[in-house]
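Trainee: I would like to go through this model by question and answer. Can we begin with the metal sites?

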Amino acid sequence: MNFLHQHQVISKLNSFVFSFFFLFFLNLSAQDGDASKGQALFKTNCTACHALDSKLIGPPLKGIGDLRSEDYIFNQITNPAEWVKTNPDAKKVFEEYGKIPMTAFPQLTKDDVKNIIAYTKVGDEGVAPAADATAVVSTVIGQTDAEIPAQNSNWWWQPIVVLVLAGLVFFFARKKLSIIAIFFTIVLLLSAAYFLFAWLMQIGVDSGYKPVQPIEFSHKVHAGDNAIDCQYCHSSAKRSKTSGIPSADVCMNCHKFINEYKGEVYGGHDKAFFDGEIAKVQKAAGWDKSKFAYSDNGKSIEWVRIHNLPDFAYYNHSQHVTVAGLACQTCHGPVEGMHRVEQFSQLTMHWCLDCHKTTPVKLDENGYYKGTYEEFAKGHKGATVADMGGRECGKCHF
Ligand code: HEC
Ligand code: HEC
Ligand code: HEC
Ligand code: HEC
Ligand code: HEC
Ligand code: HEC
């Protein structure tokens, strides 16, 4: 079991244990109001691309319920690909936002959507702080690993719970009400054990796995600010199994000429640091900028791999990028906004299957289904990937 796989399993376990425990508590505070549940859902699923008041990858969503009907929002959230095709307003927004497809959340219910709308009306100020804990209960597939620390960072109330319980034990013991004291002692021990367990679990959750790279290469600077196409560097995504990481030669197409960084500095570094990072790229390529020529063979840059499925699962980029026509962001999130890439989706089997269950195969506008598959395509309008066998074990496991 490699590292990544392990942390995914741990995070799964963690949310499961959490759900169990918090559901219990939540029942006691069910009148908590919908906005707080909406806040949790929003923070778990939407903040990678949306803020309430400002544009991110998607439009600001403050008071979206006043602008759009509940049905509109429900459709947009559960099946955006279809919705932006059928609804003219949605289509307009889609075009305005650079035709970046929004992730689908087919697992969200009408009630979930109502809660989200309630939250976008009142914002964070309108929600009681304790509500953060609910985020974990609403854990849905497709949740980003990146959101996990935000949920788990709210630990302040746990020592308070333990102290209050200890107080109760003490109080009832003094009153010689030993049955009640024993009851609270048991609750105390259980919660303390649970908190300890949850805390230990949290250590393993390397949320949004985001390793330090040998060169501080920023996707925001390249794919965002300078709008370099993803496939310029990840050119094999279109035609092969892997997307591949560009070699230093690809970097040199530009960095023969670009020796310094004049853009906005970030991460607490100064301009000299970034100039040094560019020099590292040139050195790796064996480029001598004083002679404007390659002086030696250089040596490859040892990028740290971020995404990694276990060997027993087969995944193919060209099938998804070229045949299915999916945008990179659907699975990798808003990479063009990240200085340092992090894993966006959980890459669990459930995640693969969930999309296959709900996504229709593009039989028409697709070269792949011309010729050999043409007859087949005629008889299968509206078929999902699952209908075509995309949930058969053998497709992903040999
Ligand atoms: C991967 C990025 C991404 C995620 C995650 C995401 N969205 Fe979006 N969303 C977009 C983009 C891009 C648009 C605009 C293009 C479009 O309409 O598809 C959009 C549009 C919308 C719209 C339509 C706004 C309008 O005026 O028509 C709504 C509503 C919305 N998102 C809600 C949500 C909610 C709620 C969530 C979380 C459950 C969410 N989105 C998660 C990227 C995202
Ligand atoms: C200028 C070249 C360049 C461009 C443009 C670029 N990338 Fe990358 N990408 C890299 C390099 C180099 C790495 C390895 C270092 C790193 O992780 O930052 C990488 C890593 C990644 C990874 C993580 C790979 C892993 O180890 O699992 C993903 C995902 C990714 N890129 C997606 C994208 C997407 C999506 C876009 C477009 C929005 C994009 N890239 C644009 C050069 C580029
Ligand atoms: C298509 C052109 C192009 C390619 C290819 C390219 N870069 Fe850049 N790079 C730029 C531009 C433009 C800047 C910003 C210059 C500025 O703002 O002054 C930049 C800035 C940088 C910086 C400093 C800012 C930052 O990202 O932290 C580093 C480091 C860097 N590039 C590394 C790389 C590496 C490594 C590769 C190959 C994987 C690469 N570049 C490929 C155009 C390119
Ligand atoms: C359907 C989801 C999906 C889409 C769409 C997608 N990827 Fe990936 N990507 C993955 C998965 C899953 C992995 C891990 C593959 C593995 O470990 O074998 C991955 C891995 C990567 C890697 C690491 C190196 C590799 O090839 O394994 C890079 C780089 C990358 N993707 C870039 C991109 C770019 C660029 C695009 C758009 C052109 C894109 N991806 C579209 C799911 C996706
Ligand atoms: C965002 C949606 C999405 C996600 C996530 C996704 N897929 Fe797919 N996948 C598709 C679509 C759409 C197709 C259909 C492409 C076509 O027309 O053949 C497909 C096709 C496939 C096929 C070919 C199926 C067949 O019947 O020939 C395999 C294998 C596959 N995906 C594996 C994976 C694996 C493994 C993962 C997870 C690591 C994954 N997919 C995640 C959308 C997705
Ligand atoms: C669309 C692709 C896809 C299909 C279809 C699929 N799997 Fe998987 N499976 C995966 C991926 C990806 C993983 C690795 C998930 C991870 O690392 O968490 C996986 C993991 C597993 C595991 C390891 C346990 C786990 O959850 O990590 C088992 C067992 C498994 N699959 C069995 C099956 C069986 C049985 C079927 C048929 C009913 C099946 N798979 C169909 C993609 C698929």
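Mentor: First, a definition: donors are N, O and S atoms within 2.8 Å of the metal (3.2 Å for Na, K and Ca), and water is not among the atoms, so sites may look incomplete. This is a predicted model: local features need pLDDT of at least 70, side-chain atom pairs count only at pLDDT 80 or more, and totals for chains, interfaces and linings use all residues. Residues are numbered from 1 along each chain as its sequence is written, chains are lettered from A and ligands numbered from 1 in the order in which they are written, and side-chain values use heavy atoms, with hydrogens and water left out.

Trainee: Which protein donors does the iron atom of ligand 1 have?

Mentor: The protein donors lie 1.9 to 2.2 Å from the iron atom of ligand 1. They link distant parts of the chain, 52 residues apart. One sits in the loop between helix 2 (34-45) and helix 3, the other in the loop between helix 6 (88-96) and helix 7; helices here are DSSP runs (H or I, at least four residues), as strands are (E, at least two), numbered from the N terminus. The donors are H50 (NE2) and M102 (SD).

Trainee: What is the arrangement of the six donor atoms around the iron atom of ligand 1?

Mentor: Six donors count as octahedral if opposite donors are over 155 degrees apart and all others between 65 and 115. The six donor atoms here subtend angles of 86 to 178°. The arrangement is therefore octahedral.

Trainee: Is H50 buried or exposed?

Mentor: Buried means under 20% relative accessible area, exposed over 50%, partly exposed in between (1.4 Å probe, protein chains only). M102, at 25% relative accessibility, counts as partly exposed. H50 has a relative accessible area of 12%, so H50 is buried.

Trainee: Which residues are the protein donors of the iron atom of ligand 6?

Mentor: They lie 1.9 to 2.0 Å from the iron. One is in helix 18 (residues 349-358), the other in the segment after helix 21 (393-396), and the two are 48 residues apart. The six donor atoms subtend angles of 86 to 179°, so the arrangement is octahedral. The protein donors are M349 (SD) and H397 (NE2).

Trainee: Is M349 buried or exposed?

Mentor: H397 is partly exposed, with a relative accessible area of 28%. M349 has 54% relative accessibility, so M349 counts as exposed.

Trainee: Now ligand 4. Which residues come nearest?

Mentor: There are 23 residues around ligand 4 (near means a heavy atom within 4 Å). Helix 13 (230-233), helix 16 (317-323) and helix 17 (328-332) each supply at least two residues of this shell. The residues that come nearest are S243, H317, C328, C331 and H332.

Trainee: How far does a backbone N or O atom of S243 lie from an oxygen atom of ligand 4?

Mentor: A polar contact is a pair of N or O atoms within 3.5 Å; within protein, one must be able to donate a hydrogen and the other to accept it, and residues adjacent in sequence count only if both atoms are side-chain atoms. H317 places a polar side-chain atom 2.8 Å from a nitrogen atom of ligand 4. H332 also has a polar side-chain atom 2.8 Å from a nitrogen atom of this ligand. For the S243 backbone atom and the ligand oxygen, the distance is 2.5 Å.

Trainee: On to ligand 2. Which residue has a polar backbone atom 2.6 Å from an oxygen atom of the ligand?

Mentor: Q213 has a side-chain N or O atom 3.3 Å from an oxygen atom of ligand 2. H234 has a polar side-chain atom 2.8 Å from a nitrogen atom of ligand 2. The backbone contact at 2.6 Å belongs to H307.

Trainee: How many salt bridges does a search of the whole structure find?

Mentor: A salt bridge is a side-chain nitrogen of Lys or Arg within 4 Å of a carboxyl oxygen of Asp or Glu. One pairs K121 with D66 (3.3 Å, N to O). Another joins E216 and R340 (3.3 Å, N to O). The search finds 12.

Trainee: Which residues are linked with E260 in a network of salt bridges?

Mentor: The side chains of E260 and K271 meet at 2.6 Å, N to O. E260 lies in the loop between helix 14 (248-255) and helix 15 (271-285), and K271 in helix 15. The network links E260 with K262, K271 and D275.

Notes
Four donors count as tetrahedral if all angles lie between 85 and 135 degrees; four count as square planar and six as octahedral if opposite donors are over 155 degrees apart and all others between 65 and 115; anything else is irregular.
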